[in-house]
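Trainee: Could you take one part of this model and walk me through it closely? I'd like to see how its pieces fit with what surrounds them.

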Amino acid sequence: MVLYALVSRFALRSLPDGAALKWAADLPPVLIDLVLCWVFGRTLRRGAEPLITSFARHAHGGTLPPDRSAYTRRVTLAWTLLFAALAAAAAWLTAFGPLRAWTLFVYAGSPALVAALFLGEFAWRRVRFRHHPPQRLGDMLQYLRLPAAQTLPLLRLHSMDDAVARRRGQPISAATLLADAAALAAALPPGRQVLNLCRDRYHFLVGFAAALIARRLCLLPPGSGDAAIRDICRDFGELCCVADHDEVPAGVARLRPLGHPSAPGAREMPAFPAGQPAAMVFTSGSTGHPAPHVKTWGSLVRGALALGRHLGLGPSLAPQIVGTVPPQHMFGLEATIMLPLQWRGAVDAGRPLLPSDVKAALEAAPAPRWLMTTPLQLRACVDDALDLRSALRGVISSTMPLDAKLAQAAEALWDCPVEEIYGSSETGMMALRRTARGATWTLSEGLTFAPEDGAMRVQGGHLDAPFTLTDRVEREGARGFRLLGRIGDMIKVAGKRTSIEDLNTRLRAVPGVVDGVFYMPDGAGRPAAFAVAPSASRASIIEALRRDLDPVFLPRPLYLVDALPRAANGKITRDGLEALLHRMSAR
């Protein structure tokens, strides 16, 4: 194309009285620069996300610190001004400059200036943000792309009459979901993001779909606690809360998920750009302050397709999903919302907590049925000897490590595979394993490993950007690995080292211990531990640990508690353990 433009430039210049034709040959470089100027400049308008900010947000896993947001806005402005200047220079040379000057500028000078800004900005960014994790130039080139033009449907395989949810066994059709979501989307206040607090899983699904239709971001809090929701409301300004209950923050506009006037196009299958931000999930981390992570629609769809293929799903096999995990949790979103949406499935609208409720929900759904749950709820079902042998196709567990003995007991009781997901709020599912058969994890479809400064990076597959693991891993072949504990969770006592995660695993394996965790207070010489053990004594737990642990790692003290301070997503923060230690030691 460049050669064609160059030839036509010389050919048309040689034509007599061909002024119009000369302009036709000379104008394309001007028009290209003007188009690029418009592409960058239009994203600087009020309320829009600057183009470079969008690129950077995708490359950094969906979120940017405020200082980088301001910086990338200035970089977007710099590119806008550069292309405006290039267009002006090319236009002046076209009108008044000699052919040699025009040719040198268009085919050498202009590309050199673009390359200089690109490489110069990259070098300056490495200096400006030298205290941040460095980014490779190759990563930037890989993720520096325009938002995907591909559109992906809300429901990939459903017909309008297929069930997308069930409430007490009664089906709710795809047509009903589309009508409810379109009505809610039309009722959303303009310009506000959607805080989805619905507890009923179908109501949540309506709110999630409505936010997608209205091109709003769906904010999913890490728990139902007032503090976490207040933090989100403070950080994100005016929000619209979709809730099926009255426990919503004061001063936040609330809408019920159902009961709104019907909207046009309610029976049309909506489709969304792969790059459209769909959900913002939060992880508490070690501090307890919610940290946001944006998930694009394309990333969520790719993750659901990978999980479905792992489970052996196909167009004719409609999975029926029962979940005990809130849909606001990343595992709940992936396994109980996105999986049925993309695989012609239906999800139980409730959130059964007691073993009897889990059994009732599974038996009310047609086969094949999967249970998406946590190790704590799985243990409760196993301890109750719940008879699910004919009700289950499979079980998937996540949110905290699954004990191998518990997985073996569940498989023996129900005669179905019990699998475990390794993932994070930042990435969603990264790997799976059948815990009863071994400790080795297998990377999810399309993901690959890459070493990075003593750690391990995961990339490809459904991820919008590479992610550096916070766990130490030992690789087994191209796609397998074992977890060796979290980076930074190593403790040193009397000159000896071990990981907190290894101590936790050994504590939870003690007979009679339902849940447990070690905790190393700041400045302490020995770790403390908390155990939920209704049928075990402190002395019996210490004796069991003594057989497995070096004496220096035995907990001092060991507290027996009724429950650990877990959030709804199963996580425990350091602040929560510190508060528990303070209460127990004050007794």
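**A covered strand and its surroundings**

Mentor: Let's start with S26, where Ala528, Phe530 and Val532 point one way while Ala529 and Ala531 point the other, and all of them are buried. Bear in mind that this is a predicted model. In a regular strand the side chains alternate between the two faces of the sheet. So much for the general pattern; here S26 is mostly covered, with five of its five residues buried.

Now look at what sits alongside. S25 and S26 pair in the antiparallel sense, and five bridges hold that pairing. Within it, Gly516 of S25 stands opposite Ala531 in S26. S26 also runs parallel to S27, joined to it by three bridges. There you can find Phe530 opposite Tyr559 in S27.

Next comes the helix, H16, which spans residues 538–548 and has Ile541, Ile542, Ala544 and Leu545 buried. Viewed down the axis of H16, those buried residues fall within an arc of 160°, so they line one face of the helix. Turn to the other side of H16 and you meet Ala539 and Arg547, both exposed. As for what the buried residues of H16 pack against, the partners are helix H15 (500–508), strand S25 (515–519), strand S26 (528–532) and strand S27 (558–560). That brings us back to the strand we began with.

Ile541 turns up again when you look at the nonpolar cores. The largest has 63 residues, and Leu154, Leu177, Phe208, Trp297, Leu333 and Leu341 touch the most other members. Its largest share, nine residues, comes from H8. Apart from that core lies another, of 22 residues, with Leu503, Ile541, Val552 and Leu558 among them.

For contrast, here is the setting of the largest core. Leu333, leaving aside neighbours within four places in sequence, is in contact with Phe204, Phe208, Leu220, Ala279, Val281, Leu300, Pro327 and Met338. Helix H8 (residues 201–213) lies across strand S4 (193–196), S5, strand S6 (239–242) and S9, and runs at about 170° to S4. Those strands belong to an open sheet of six, ordered S7-S6-S4-S5-S9-S10, with mixed pairing. At its edges are strand S7 (253–255) and strand S10 (291–296), each pairing on one side only. From one strand to the next, the twist averages 30°. Inside the sheet, S5 (residues 218–220) and S9 (residues 277–283) pair in the parallel sense over three bridges, and Cys218 stands opposite Ala279 in S9.

Two acidic residues are worth a stop before you close the viewer. Asp471 lies in strand S21 (residues 471–476) and counts as buried at 11% relative accessibility. A polar contact of 2.7 Å joins the side chains of Asp471 and Tyr422. Not counting residues up to four places away in sequence, Asp471 touches Leu483, Gly485, Arg486 and Ile487 as well as Tyr422.

The other is Glu419, in strand S15 (residues 418–424). Glu419 is buried too, with a relative accessible area of 14%. With residues up to four places away in sequence set aside, Glu419 touches His310, Leu311, Val395, Ile396, Ser397, Arg433 and Arg434. You can also check the C-alpha atoms of Glu419 and Ala436: they are separated by 8.3 Å, with the two residues 17 apart along the chain.

Note on methods. Residues numbered from 1 in each chain as written. Predicted model: local features only at pLDDT ≥ 70, side-chain atom pairs only at ≥ 80, totals over all residues. Heavy atoms only, no water. Buried < 20%, exposed > 50% of the residue type's maximum accessible area, 1.4 Å probe, protein only. Helix = DSSP H or I, 4+ residues; strand = E, 2+ residues; numbered from the N terminus. Arc of directions from axis to C-beta. Contact = heavy atoms within 4.5 Å. Pairing = 2+ DSSP bridges. Axes fitted to C-alpha atoms, helices over the stretch in contact; angles between N-to-C directions. Core = buried A, V, L, I, M, F, W, Y, C linked by side-chain atoms within 4.5 Å. Polar contact = N/O pair within 3.5 Å; in protein donor to acceptor, adjacent residues only side chain to side chain.
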